[in-house]
Amino acid sequence: SKGTYPYYMLKEIDEQPNVLRRLVSEYMNEDGSFNFDPKLIEALREADKLYIVAAGTSYHAGLVGKPIIEEVAKIPVEVELASEFGYHMPLLSKKPFFIYLTQSGETADSRQVLVKTNALGYPSLTITNVEASTLSREADYTILLHAGPEIAVASTKAYTAQITIEAMLAKALAVVNNVPGAEDFDLKYQLSLAANGMQTIVDAKADLEQLAHEFFANTRNAFYIGRGIDYWASLEASLKLKEVSYIQAEGFAAGELKHGTISLIENGTPVAAIITDKETASHTRGNVQEVEARGAKTLKIVSEDLAKPGDQIVVPTLDTVLSPLVSIVPTQLLAYYATLQRGYNVDQPRNLAKSVTVE
Ligand code: M6R
């Protein structure tokens, strides 16, 4: 039930710190080992490439999983849209392993790919929130997200739970493969920082309600921009905003705007920039100035270590590849409040169902 919450979406956003802590206690042991099926870890070790297949928000969680797994475990990863991949399968590596990310475990687009990779005899893992769901039953292995039922159509806690599981798999593989530097990726510590950081953000939701009003209450369109990991977070931030508030929102690679899309910027167009990567922070800030010079109203979501006076939203600093765990939370709340301010039903946006069981 919603308990004292007006909407499931808000309840589910608020649950994220606890979901993270639950995942740590489910899967991480005191001695640094993981509670994953050893046969799964062996099968993943044998692969020369991991293919993550998903749709919607789960696809966006997969995009974040790629740099985490590649950086920490040094295994190449491809991330594929289920609705494309099944019909336009690329030339696969010699020993592929398929990871299906799906909150519901029932998404038809993802399932049709699983049916094909099963027929080809490739090993598979489904990471899902729903025990005994179709994709869980039909894959070789399952890891549960333990996020509790997600009722709101807009996925929130499943996204952060999926990223957490991807990070745990990355670390588990790095440890068994003795990847040099693996011990520097202190995942338990990072996840405790992330859970505390999420809590701080959800506790300050009144500020986000105000910012939503200022930036999104009356606009027709909006942009989220970022580079690298912040670009992947921008894609999810914009999906959240558009699916519930009906603002035409685009997630865009910050450096790519000037190659065409910047012509859409008008006086007052809201542009939110996500800045958590010190390698690219100054370049993204440059892109923010470019859109400001063309009249955009800009909102900056910045990690603490990179924050400057005037940045409206500051999130705790994590290892860069994990930063979407915290940078996404204010964007979920902005989408939530903008939708209420515009007078729509945030839990049940028009034209959408919670799980999409047709291709
Ligand atoms: O259950 P799944 O994770 O497979 O669902 C995939 C998408 O349909 C889902 O993420 C959808 O995009 C959500 N409405 C996003 O909030």
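Phenylalanine 216 is buried in this predicted model, with a relative accessible area of 1%, where buried denotes a relative accessible area under 20%, exposed one over 50% and partly exposed one in between, computed with a 1.4 Å probe on the protein chains only. Residues are numbered from 1 along each chain as its sequence is written. Because the model is predicted, local features were required to have pLDDT of at least 70 and side-chain atom pairs were counted only at pLDDT 80 or more, whereas totals for chains, interfaces and linings use all residues, and side-chain values rest on heavy atoms, with hydrogens and water left out.

A pair of aromatic rings is described by the distance of the centres and the angle of the planes. The rings of Phe, Tyr and Trp (for the latter its six-membered ring) were taken to pair if their centres lie within 6.5 Å, with planes under 30 degrees apart counted as stacked, over 60 as edge-to-face and the rest as tilted. By this criterion, a search of the whole structure yields 12 aromatic pairs. In one of these, tyrosine 7 and tyrosine 336 meet edge-to-face, with 6.3 Å from centre to centre and 70° between the planes. Since tyrosine 7 belongs to the segment before helix H1 (8–14) and tyrosine 336 to helix H13 (residues 324–341), the pair ties together parts that are 329 residues apart in sequence; helices (H or I, at least four residues) and strands (E, at least two) are here DSSP runs, numbered from the N terminus. Tyrosine 7 is partly exposed, at a relative accessible area of 25%, whereas tyrosine 336 is buried, at 1%. The rings of phenylalanine 216 and tyrosine 224 have centres 6.4 Å apart and planes at 40°, so this pair is tilted, and tyrosine 224 is likewise buried, with 0% relative accessibility. Ring pairs also join Tyr51, Phe85, Phe98, Tyr100 and Tyr122 into a cluster.

Charged side chains were examined over aromatic faces as well, a charge being placed over a ring if NZ of Lys or CZ of Arg is within 6 Å of the ring centre and within 35 degrees of the ring normal. Lysine 297 meets this description over the face of phenylalanine 215, at 5.3 Å from the ring centre, and arginine 350 does so over the face of tyrosine 246, at 3.6 Å from the ring centre.

The surroundings of the ligand comprise 13 residues, of which the closest are Ser58, Thr102, Ser104, Thr107 and Glu243, a residue being included if one of its heavy atoms lies within 4 Å of the molecule. Polar contacts were defined as pairs of N or O atoms within 3.5 Å; within protein, one atom must be able to donate a hydrogen and the other to accept it, and residues adjacent in sequence count only if both atoms are side-chain atoms. A polar side-chain atom of glutamate 243 lies 2.4 Å from an oxygen atom of the ligand, and a polar side-chain atom of lysine 240 is 2.9 Å from an oxygen atom of the ligand, while a polar backbone atom of valine 153 is 3.2 Å from a ligand nitrogen atom. Of the 410 Å² of accessible area that the ligand has on its own, the protein covers 91%, with areas obtained by the Shrake-Rupley method with a 1.4 Å probe and, for residues, only the protein chains shown counted as cover.

Helix H4 (residues 56–73) has 18 residues and extends 25 Å from its first C-alpha to its last, close to the 26 Å expected at 1.5 Å a residue, the expected span being 1.5 Å times one less than the number of residues. H4 is mostly covered, with 13 of its 18 residues buried. Just after H4, lysine 74 adopts a positive phi of about 60°, in the loop between H4 and strand S2 (77–81), and is exposed at 54% relative accessibility. A positive phi, near 65°, is also found for alanine 132, a residue other than glycine, in the loop between strand S4 (124–128) and helix H7 (134–138).

Separations in sequence and space were compared for further residues. Valine 19, in helix H2 (residues 16–27), is buried at 2% relative accessibility, and its C-alpha atom is 5.4 Å from that of alanine 147, 128 residues away along the chain. Tyrosine 27, also in helix H2, is buried at 8%, but its C-alpha atom is 34 Å from that of proline 349, at a sequence separation of 322 residues.
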